[in-house]
Amino acid sequence: MQLQELHMLVVLAEELNMRKAAERLFVSQPALSQRLQTIEKSWGTKIFLRSQKGLTVTSAGEKIIQFAKDVTLEQEKVRENIDELEGEIHGTLKLAAASIIGQHWLPNVLKTYVKQYPNVKISLVTGWSSEMLKSLYEDHVHIGIIRGNPEWKGPKHYLMRDELYLVDTEIRNIEDIAKTERPFIQFKSDSTYYQEIQHWWHQKFKTSPKQTIIVDQIETCKQMAFHGIGYAILPSVTLHGSGSHVHQIPLLDAKGKAIGRDTWLLGYEPAFQLKQVQAFVEVVKECTAME
């Protein structure tokens, strides 16, 4: 099998959808289907089962796809080592970042990085911190930018701390929440973030909100709060440019200390020996020093 075909199997296994995989691979869906049939014929077994719902990996397919993943990963490592020998900074920088950081803090860092190192390819995945930590554990990425205080035995660099604020267009004091009929807008997040907010809430009010709206994304939550639909609890990193019509009330614990979350840059030691990773860490240091 050619490396291109192995890459194709990896993409199909990630998407489990012919149309989406074809879009990622920049080929037509019929062409992708035909190539998959040829690969399955060469292996003498079905790798995927097709249905209206999408693709399902067969038991034989699981072994073949794992082989494809192993080979393509080794190929990337060899390419990175070759780029290292050539002196200039090339290769791929693989990042996994918490969604909030990926939306509000990382773009400015990547803008600087891309300008300084145009030959580096960037692969970025975003999601909950728990998911991004898993990507790091499974060696899918070089660097993880994780919120909270994760247990990590490798290199761990502190980036920032941002406080939590209650945000609303009407409410000006925390005490007003106990009297308001306005809904509390929550966004889905990892368990540690949710637990922090729940702990603060029950310490402060002893009862649940009268009305709650749950959304899937923090940006949706933010826009709903900014448009006066209800109030939300948001980290300060998301509040730049919120406007004077939005009141921001800091969340304080029982001792009057601001409640916030730390953000860390994590990775395994071998990753930090790659030039493109070292360059990224330097850019991050420069950007955080300017904030």
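This report walks through the largest pocket and the nonpolar cores of a predicted model.

## The largest pocket

Let's start with the open space. The largest pocket holds about 1500 Å³, and 38 residues line it. If you want to find its centre in your viewer, look for His 7, Val 10, Glu 14, Glu 76 and Lys 94, which lie nearest to it.

The lining is a mix of chemical classes: 14 of its residues are nonpolar, 11 are polar and 13 are charged.

## Who builds the lining

Several elements share the work. At least two lining residues come from each of helix H1 (3-15), helix H2 (18-25), helix H3 (29-43) and helix H4 (59-86), and the same holds for strand S3 (92-98) and strand S4 (121-127). Helix H4 gives the most, with 10 residues.

Seen by domain, the pocket lining takes at least three residues from domain 1 (1-82) and at least three from domain 2 (90-158 + 260-287).

## The nonpolar cores

Now for the packed side chains. In soluble globular proteins, nonpolar side chains tend to be buried together. Here, the largest nonpolar core has 57 residues, and the members touching the most others are Trp 105, Leu 106, Ile 145, Leu 166 and Phe 280. Helix H11 (residues 275-290) supplies the largest share of this core, 7 residues. Domain 2 (90-158 + 260-287) and domain 3 (161-258) each contribute at least three residues to this core.

Apart from this core lies another one, of 20 residues, including Met 8, Val 10, Leu 36 and Leu 55. Val 10 may look familiar: this residue is also among those nearest the centre of the largest pocket.

Technical notes: Residues numbered from 1 in each chain as written. Predicted model: local features only at pLDDT ≥ 70, side-chain atom pairs only at ≥ 80, totals over all residues. Heavy atoms only, no water. 1 Å grid on protein atoms, 1.4 Å probe; cavity = no way out; pocket = protein on both sides within 12 Å on 5 of 7 lines; lining within 4 Å. Points joined across faces, edges and corners; volume = space filled by probe spheres on them. Helix = DSSP H or I, 4+ residues; strand = E, 2+ residues; numbered from the N terminus. Nonpolar A, V, L, I, M, F, W, Y, C, P; charged D, E, K, R; others polar. Domains from an automatic or database assignment. Core = buried A, V, L, I, M, F, W, Y, C linked by side-chain atoms within 4.5 Å. Buried < 20%, exposed > 50% of the residue type's maximum accessible area, 1.4 Å probe, protein only.
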